[in-house]
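Here is a short tour of one chain, written to be read with the structure open beside it. Take a moment to turn the view around, and then we can begin.

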Amino acid sequence: SALFNFQSLLLVILLAICTCTYVRSVAPRLVDRNKEGFLGLFFMAARIGERLSPYVALACISMAGTLLMQ
């Protein structure tokens, strides 16, 4: 159902980026071994979380603000 609601889709994407980045910091071998295919999406999400961490943090804060306002 997150595909039909744009705000829910953004929330799922942000949570995936944050989760993949955390898992890569704790167990890098788990994420790094799957760089291609469907599981490569988790590797790409971890890279986005590492390289764009200030923007991801701002997106998380703004998402939390919009959820609290509703």
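Start at Ala46. Setting aside residues within four places of it in sequence, Ala46 is in contact with Cys20, Thr21, Arg24 and Val31. Keep in mind that this is a predicted model.

Ala46 also belongs to the largest nonpolar core, a set of 9 residues. Its other members are Leu14, Ile17, Cys20, Val31, Phe43, Ala45, Val56 and Met63. Three helices, α1, α3 and α4, each contribute at least two residues to this core.

Now step back to the helices around Ala46. Helix α1 covers residues 6–26 and helix α3 covers residues 40–51. How do the axes of α1 and α3 cross? They come within 7 Å of each other, at an angle of roughly 90°. An angle of 65 to 115 degrees counts as roughly perpendicular, and α1 and α3 are therefore roughly perpendicular to each other. On the α1 side, the contact is made by Ala16, Ile17, Cys20, Thr21 and Arg24. On the α3 side, the residues are Phe42, Phe43, Ala45, Ala46, Arg47, Ile48, Gly49 and Glu50. The classes in this contact break down as follows.

| Class in the α1–α3 contact | Number of residues |
|---|---|
| Nonpolar | 8 residues |
| Polar | 2 residues |
| Charged | 3 residues |

Next comes helix α4, which runs over residues 53–69 and holds Tyr55. Is Tyr55 buried or exposed? Tyr55 has a relative accessible area of 60%, and exposed means over 50%, so Tyr55 is exposed. Measuring from C-alpha to C-alpha, Tyr55 and Ser8 lie 19 Å apart in space, with their positions 47 residues apart in sequence.

An unreviewed UniProt entry lists residues 52–69 as a "transmembrane region". In the model, that span is 94% helix and 0% strand. The C-alpha atoms at its two ends are 26 Å apart.

Finally, the chain as a whole. It has 4 helices and 0 strands, giving the pattern α-α-α-α along the sequence. The C-alpha trace spans about 40 × 25 × 15 Å along its principal axes. Of the 70 residues in the chain, 19% are buried. Among contacts between residues at least 6 apart in sequence, 53% join residues at least 24 apart.

How values were computed:
Residues are numbered from 1 along each chain as its sequence is written. This is a predicted model: local features need pLDDT of at least 70, side-chain atom pairs count only at pLDDT 80 or more; totals for chains, interfaces and linings use all residues. Side-chain values use heavy atoms; hydrogens and water are left out. Axes are lines fitted to C-alpha atoms, for helices over the stretch in contact, and angles run from 0 to 180 degrees between N-to-C directions. Angles under 35 degrees count as roughly parallel, over 145 as roughly antiparallel, 65 to 115 as roughly perpendicular and the rest as oblique. Contact means heavy atoms within 4.5 Å. Ala, Val, Leu, Ile, Met, Phe, Trp, Tyr, Cys and Pro count as nonpolar, Asp, Glu, Lys and Arg as charged, and the others, Gly among them, as polar. Buried means under 20% relative accessible area, exposed over 50%, partly exposed in between (1.4 Å probe, protein chains only). A nonpolar core is a set of buried Ala, Val, Leu, Ile, Met, Phe, Trp, Tyr and Cys residues joined through side-chain atoms within 4.5 Å. UniProt positions are given in the numbering used here, feature names are shortened, and annotations may be inferred rather than shown by experiment.
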